[in-house]
Amino acid sequence: MDEKEKWIQETLQSVNKPSRIEVSPLLAQRLQNIALNGVQQMPPAPNPIIPWLAAASIALLLGINILTALWYNDSASYDISAAHTVYSEYFDYLETLN
Amino acid sequence: MTDEELIEKLKAGDSACFGILIELHSQKVLNIAFNIVRNLEDAEDITQEVFIEIFQSIQHFKRESKLSTWVYKITVNKSLDFLRKKKRKKRFGILQQLFSADSAEPRISIRNELHPGIELENKERASILQDAIEQLPEKQKTAFVLNKIEDQSYAEVANIMDMSIASVESLLFRAKQNLQKLLGDYYEKNEK
């Protein structure tokens, strides 16, 4: 084994099974507190129904918008002769004056 | 007390048994977290998060693996999540620096800590190896840390990482190859 190989092998073994890091008294206390009053410490879990409700609301809103737009387009294509009748009836007093 | 009895009592909400669980596994959890994130304060925070998660989800533990494997699996996942978040923050920080007015200020670089349990004569070599381990892909790094530093068997590593033993063997083989290459490059540049 050459010098470089030997150095690599020794370096690879330098972290083999180091002695354990001890849990500090402060961390031990933090962990015990979870058991003692863990439920109060926990952040409330998000209700899984809320994202679905939000998504459904958005879908409903979009649906209503699309339906309204379609309905408006249909009603906008009115008959030109009907409009002419309204116009002539509304302004017929002008004809009388003439 | 057997694992089965402990699980039963934990599921029943016995807080004294939760204390026993902490006693049994907190040191190992802390060490695994430290070996992945390389910072003692962060490892302590992760240890706390791990036990909060256990406390919250013990009811869902299906006994498909040993209790210890489940605990270490949560530890590995939390530690890797922490590293991913840290990387995202780092990327965002670099972007912020590019666009902020006071970008000329020197950046504070937080160097990863060396394992306090490494013997003094090995510290320099261990530091070099640690830097090389940091450069490994996530899965190779996790497998290497669990097997070589935490002394978990191939089967235990496979259970913790949700993989077959053959996959773990292959990961460790590739990790060792990569480390040999990285260390070889370092040797050529610095030690020759």
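1. **B:Ala33 and its neighbours.** In this predicted model, B:Ala33 touches B:Ala43, B:Ile46, B:Thr47, B:Thr75 and B:Ser79, leaving aside residues up to four places away in sequence. B:Ala33 also belongs to the largest nonpolar core. There, B:Ala33, B:Phe51, B:Ala143 and B:Val157 touch the most other members.

2. **The core around it.** This core has 46 residues. Chain A supplies at least two of them from one helix, α2 (25-41). In chain B, the helices that each supply at least two are α2 (15-37), α3 (40-57), α4 (67-99), α5 (123-134), α6 (138-149), α7 (154-160) and α8 (165-191). Helix α2(B) gives the most, with 11 residues. Where does the core lie with respect to the domains of chain B? Domain 1 (1-113) and domain 2 (115-192) both give residues to the core, so it lies between them.

3. **Chain B as a whole.** Chain B has eight helices and zero strands. From the N terminus on, its elements run α-α-α-α-α-α-α-α. Of its 192 residues, 32% are buried. Take the contacts in chain B between residues at least 6 apart in sequence: 59% of them join residues at least 24 apart.

4. **Chain A as a whole.** Chain A has five helices and zero strands. Read from the N terminus on, its elements are α-α-α-α-α. Chain A has 98 residues, and 6% of them count as buried.

5. **The contact between the chains.** How many residues does each chain bring to the contact? Chain B brings 35 residues and chain A brings 25 residues. On the side of chain B that touches chain A, the elements giving two or more residues are α2, α3, α5, α6 and α8 of chain B. Helix α2(B) gives the most to this side, with nine residues. By class, the side of chain B has 16 nonpolar, 14 polar and five charged residues. Helix α2(B) thus appears twice in this note: it gives the most to the core, and it gives the most to the side of chain B that touches chain A.

6. **Helix α8(B).** Does the length of this helix agree or disagree with its residue count? At 1.5 Å a residue, the 27 residues of α8(B) should span 39 Å. The end C-alpha atoms are 36 Å apart, which agrees. The buried residues of α8(B) are B:Val168, B:Leu171, B:Ala175, B:Leu179 and B:Leu183. An α-helix has 3.6 residues a turn, so residues three or four places apart point the same way. The buried residues of α8(B) pack against α5, α6 and α7 of chain B, and also against α1 (3-12) of chain A.

7. **B:Asn77.** This residue lies in helix α4 of chain B. Is B:Asn77 buried, exposed or partly exposed? B:Asn77 has 16 other C-beta atoms within 10 Å, so B:Asn77 is partly exposed. The C-alpha atoms of B:Asn77 and B:Met161 are separated by 9.0 Å. Along the chain, these two residues are 84 residues apart.

8. **Confidence.** The predictor gives the complex an ipTM of 0.76 and a pTM of 0.70. Chain B averages a pLDDT of 85, and 85% of the residues score at least 70. Over residues 104-110 of chain B, pLDDT stays under 50. For these residues the model has zero contacts beyond four places in sequence. Where pLDDT is low, the predicted coordinates should not be read in detail.

Methods
Residues numbered from 1 in each chain as written. Chains lettered and ligands numbered in written order. Predicted model: local features only at pLDDT ≥ 70, side-chain atom pairs only at ≥ 80, totals over all residues. Helix = DSSP H or I, 4+ residues; strand = E, 2+ residues; numbered from the N terminus. Buried ≥ 20, exposed ≤ 12 C-beta atoms within 10 Å, placed from the backbone. Core = buried A, V, L, I, M, F, W, Y, C linked by C-beta atoms within 7 Å. Domains from an automatic or database assignment. Contact = placed C-beta atoms within 7 Å. pLDDT = per-residue confidence, 0-100. Nonpolar A, V, L, I, M, F, W, Y, C, P; charged D, E, K, R; others polar. Expected span 1.5 Å × (residues − 1).
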